[in-house]
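Visitor: Hey, can you walk me through this one? I'd like to go strand by strand and ask as I go.

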Amino acid sequence: TYSIHLEDEGSYKADANLWVLGNYSRFIRPGYQRVDINVPAESRTFFGSAYISTEQDRLVVVVSNLSDSAVKCRLSLKDLQPKAVTSYTTTLKKHLQPQQLTPSVNEYELDASSVTTLVFEL
């Protein structure tokens, strides 16, 4: 049998898989629509997906860099002019670590072995 009092039933630990899941579940909310994204260097170690909010006031881009080195990622948002951009990076040592970015910059460095969520406020 299971109890609703998890703290009394043993231990738990937030591992890297939980934080990676957060890169998606924390920012891509019900009703968001997946939008097309062109990842020129897409491979088994570098890939991404993008989602737009129902109000079309937020774009969420999740990029995975599974290689052993950092990579630069250039994003072209076509006609969109973001008001604010925040990245959230997960690695073995970072757990959804936020960083405010300059909205006018369209090139971002992605840590090695990371999953990074870029949230664009439109």
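Visitor: Let's jump right in: which residue in β8 is the bridge partner of Asn65?
Guide: That's Ser114. Keep in mind that we're looking at a predicted model.

Visitor: Okay, how many bridges do β3 and β8 share, and in which sense do they pair?
Guide: Eight bridges, in the antiparallel sense.

Visitor: What does the whole sheet look like, in strand order?
Guide: It's an open sheet of six strands, ordered β1-β2-β3-β8-β5-β6, with antiparallel pairing. At the edges you have β1 (33-35) and β6 (97-101), each of which pairs on one side only. From one strand to the next the twist averages 25°.

Visitor: What holds neighbouring strands together in general?
Guide: Strands of a sheet pair through backbone hydrogen bonds, and the pairing can be parallel or antiparallel.

Visitor: Back to this sheet. How many bridges join β5 to β8?
Guide: Seven, between β5 (residues 84-90) and β8 (residues 114-121), and the two run antiparallel. For a landmark there, take Val85, whose bridge partner in β8 is Phe120.

Visitor: Which strands does helix α1 touch?
Guide: Helix α1 (residues 16-25) packs on the sheet and touches β2 (46-52), β3, β5 and β8. Its direction makes about 160° with that of β5.

Visitor: And on the other side of β5, what's β6 doing?
Guide: β6 runs antiparallel to β5, with five bridges joining them. One pair to look at is Thr86, which stands opposite Gln100 in β6. The hairpin of these two strands has six residues between them, and there Leu96 takes a positive phi near 55°.

Visitor: Which residue takes a positive phi in the β2 and β3 hairpin?
Guide: Gln56, with phi near 60°. That hairpin has five residues between the strands. β2 and β3 run antiparallel, joined by seven bridges, and Ala50 has Val61 as its bridge partner in β3.

Visitor: Ser53 is in the loop between β2 and β3. Is it buried or exposed?
Guide: Ser53 is buried: its relative accessible area is 3%, and the cut-off for buried is under 20%. Leaving aside neighbours within four places in sequence, Ser53 is in contact with Tyr32 and Arg58.

Visitor: Now β3 itself. Why call it largely enclosed?
Guide: Because seven of its eight residues are buried, β3 is largely enclosed by the rest of the structure. Val60 is found in that strand, which covers residues 58-65, and Val60 is buried with a relative accessible area of 0%.

Visitor: What is Val60 in contact with, beyond its sequence neighbours?
Guide: If you skip neighbours within four places in sequence, Val60 is in contact with Phe27, Ile28, Tyr32, Ser49, Ala50, Tyr51, Thr117 and Leu118.

Visitor: How far is Val60 from Val85?
Guide: C-alpha to C-alpha, Val60 and Val85 are 9.8 Å apart in space, with their positions 25 residues apart in sequence numbering.

Visitor: Changing topic: what does the pLDDT average for the protein?
Guide: The average is 91, and 90% of the residues score at least 70.

Visitor: Which elements have the lowest and highest mean pLDDT?
Guide: Strand β4 (residues 71-74) has the lowest, at 90, and β8 has the highest, at 98. As a general caution, predicted coordinates should not be read in detail where pLDDT is low.

Conventions:
Residues numbered from 1 in each chain as written. Predicted model: local features only at pLDDT ≥ 70, side-chain atom pairs only at ≥ 80, totals over all residues. Heavy atoms only, no water. Helix = DSSP H or I, 4+ residues; strand = E, 2+ residues; numbered from the N terminus. Buried < 20%, exposed > 50% of the residue type's maximum accessible area, 1.4 Å probe, protein only. Contact = heavy atoms within 4.5 Å. Pairing = 2+ DSSP bridges. Axes fitted to C-alpha atoms, helices over the stretch in contact; angles between N-to-C directions. pLDDT = per-residue confidence, 0-100.
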